Amino acid sequence: MKRFFFLHFIALFCLCANAQTTLGWGSIDVRYSQTEVPETSQKSPLLRAWRGERVAAQAVLTTQEELKNVDYTVSDLKSGRHTIPASAVKKYLVRYVITSTFKNKKDSILVADRLEPAATMCHMRKGTTLPLWLDIKVPAETVPGTYKGIVTVNCDGKTLSLPIVLEVADRVLPEPSQWSFHLDLWQNPYAVARYFDVPLWSNQHFDKMRPIMQMLAAAGQKVITCSVINRPWNGQTFDHFESMIAKMKQIDGTWKYDYTVFDRWVEFMMSCGITEQIDCYTLVPWHYRFDYYDCATNSVKHLDCRPGEAKYHDFIVPFLKDFSRHLRQKGWFERTYIAMDERPENQMEAAWQTIQDADPDFKIEGAANYSVDSEAADRVDDISVGFQYNLLKEEALARRAAKGQKTNFYTCCNPERPNTFTFSPPAESAYLGLHAAACNYDGYLRWAYNSWTKEPNEDTRYGNWPAGDCYLVYPEGSSIRFERLVEGIQTYEKIRLLRPTLNPKESQRLSEMLQNFAPNTYEADTDAVALLKEMNTLLWKLSQ
């Protein structure tokens, strides 16, 4: 029997080392070139997970001949008589998109990022590389142990195989809806309608959005993004955000509001599993312009005004009073936030005064690209601070937490590192979750989940933004950076769950390790891969 397995291994190794086509394990920290032969291993990567956790692995297929039909399968993973079914493994082909560099937005570089579900046979050109991405969701009821299986690639009649080994700890990570991490990635429904060429807010539109938004819910998303005026950010995306609430001035001068689109969007997002918070953008738009339909003249009118001005107050207060009434009627008022993004503190303060006049119980959400340890910031119930700006002091964080307020951080078109651009090292996406844990933040905000470019599957560049800044997922699949972001969020949750169980020595060791992720500057020699590896080793030890 031993001789049989030895000969089988030798045959397997020789097949995988075939001069024409090779298969080996790579690293999830590497974006592999499409044309270079990478260094790989026949040994399974070190995969460790809690029950309920998602873990990823990346294999790499390279060919020196044309392959017309390529597909791959993953067997059940077995530990004695216990099994993790093959259905728990999502299989992706890693596809290439155009990116640039941070300093030169016009550069044209191919980079591995888009994860396309491996549902059908694919073709490989001679002299190319095809990375294969595996996402394993360990069922919560899995019995702890070491699970083994086989990844098999079929290439025009030839079969290449790799072993896969997964260790499962006797710890349980709850379902994403139960995570405490406050994930806030802005959704863009308008991009979905344009890309798939379906009527806005039609049944076809919602059908196309469902898998995209369910993927977001599975990452632990807490917030529904709503635009309550046209172009709240002055059209900074390829597909502009439009108002989900129609505002009409009647002939007699009174106001009427139509919430049909708003209601359907919120109800749809809740049906996808995103239910905690409704953020409404914005009362302080970048262009300081509001529009409405004027029945007396049968035309759209525009009102240019700023918080603190009388005409602003006269326009906003009737709307917010009626909006409050509607939200209470729907049972949504307590979870709704009036949101303001990167606005000057004096403008946010003036808007807050107007909101108070309409309904003092409205909650406020905002992102600030400046230090926010101030009385005005204390009025913001959910605030996000730019990664590179001054950290809030511990007493400010504690004060906000005691009041039930959330404090998060965000990245956008800056800093250059760490970030989630298509040219960013993949480990930086996971690093962000650890930064939140190290700084005692509640979560992370990013301005664009799916504000796609004109051809998002091909070119991730748009305007002056760094490539990939506008979206984290693709129309029909995920991305390496999005999957790594989820990894970091899971690590945040594992730290939260472990902390109460640790003895003083273990707790101190964890705190010391977390300090490596605390700085709000990212030095040129910061090695996210090494830091994450060290942290994951410690967490596995603490999980035993």
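How many bridges join S1 to strand S3 (residues 54-63), and in which sense do the two run? The two strands are joined by 5 bridges and run antiparallel, where strands are DSSP runs of E with at least two residues, helices are DSSP runs of H or I with at least four residues, and both are numbered from the N terminus. Two strands are said to pair if DSSP finds at least two bridges between them.

The model is predicted, so that local features need pLDDT of at least 70 and side-chain atom pairs count only at pLDDT 80 or more, while totals for chains, interfaces and linings use all residues. Residues are numbered from 1 along each chain as its sequence is written, and side-chain values use heavy atoms, with hydrogens and water left out.

## The antiparallel sheet

S1 and S3 belong to an open sheet of 6 strands, in the order S1-S3-S10-S7-S8-S25, with antiparallel pairing. At its edges stand S1 and strand S25 (478-479), each with a single partner strand, so one side of each is left without a neighbour in the sheet. Although S1 is an edge strand, 4 of the 5 residues of S1 (residues 21-25) are buried, so S1 is largely enclosed by the rest of the structure; buried here means under 20% relative accessible area, exposed over 50%, and partly exposed in between, with a 1.4 Å probe and protein chains only. Strand S10 (residues 128-137) has 9 of its 10 residues buried, so S10 too is largely enclosed by the rest of the structure. S3 and S10 run antiparallel and are joined by 10 bridges, whereas strand S7 (residues 89-99) pairs with S10 in the antiparallel sense over 5 bridges.

The following residue pairs stand opposite each other in this sheet.

| Residue | Partner | Strand of the partner |
|---|---|---|
| Threonine 22 | Threonine 62 | S3 |
| Glycine 24 | Valine 60 | S3 |
| Threonine 62 | Threonine 129 | S10 |
| Valine 89 | Isoleucine 136 | S10 |

## The parallel sheet and its helices

A second open sheet has 8 strands in the order S13-S24-S23-S22-S21-S20-S17-S14, with parallel pairing. Its edge strands are S13 (182-185) and S14 (223-227), each of which pairs on one side only, and neighbouring strands of this sheet are turned by 25° against each other on average, direction ignored. At one edge, S13 pairs with strand S24 (residues 443-446) in the parallel sense over 4 bridges, and aspartate 184 stands opposite leucine 445 in S24. Helix H4 (residues 260-271) lies across S14 and strand S17 (277-281), running at about 165° to S14; axes are lines fitted to C-alpha atoms, for helices over the stretch in contact, and angles run from 0 to 180 degrees between N-to-C directions.

Helix H2 (residues 189-196) and helix H3 (residues 203-217) pack at an angle of about 115°, with their axes 10 Å apart. In this pair, Pro189, Val192, Ala193 and Phe196 of H2 meet His205, Lys208, Met209 and Ile212 of H3, contact meaning heavy atoms within 4.5 Å. By class, this contact comprises 6 nonpolar, 1 polar and 1 charged residues, where Ala, Val, Leu, Ile, Met, Phe, Trp, Tyr, Cys and Pro count as nonpolar, Asp, Glu, Lys and Arg as charged, and the others, Gly among them, as polar.

## Nonpolar cores

The largest nonpolar core has 127 residues, and those with the most contacts inside it are Met213, Phe262, Trp265, Leu320 and Phe323; such a core is a set of buried Ala, Val, Leu, Ile, Met, Phe, Trp, Tyr and Cys residues joined through side-chain atoms within 4.5 Å. Apart from this core lies another, of 34 residues, among them Leu47, Leu61, Tyr72 and Val89. Phenylalanine 323 touches Ile245, Tyr259, Phe262, Cys280, Ile338 and Phe362, not counting residues up to four places away in sequence.

## Backbone exceptions in loops

Most residues other than glycine have a negative phi, and most peptide bonds are trans. A cis peptide bond nevertheless joins tyrosine 281 and threonine 282, with omega about -5°, and threonine 282 lies in the loop between S17 and strand S18 (289-294). Another cis bond joins asparagine 414 and proline 415, with omega about 0°; proline 415 is placed in the loop between strand S23 (406-411) and helix H9 (427-438).

Tyrosine 288, in the loop between S17 and S18, has a positive phi near 55° and is buried, with a relative accessible area of 10%. Asparagine 440, in the loop between H9 and S24, has a positive phi of about 60°, and at 39% relative accessibility asparagine 440 counts as partly exposed.
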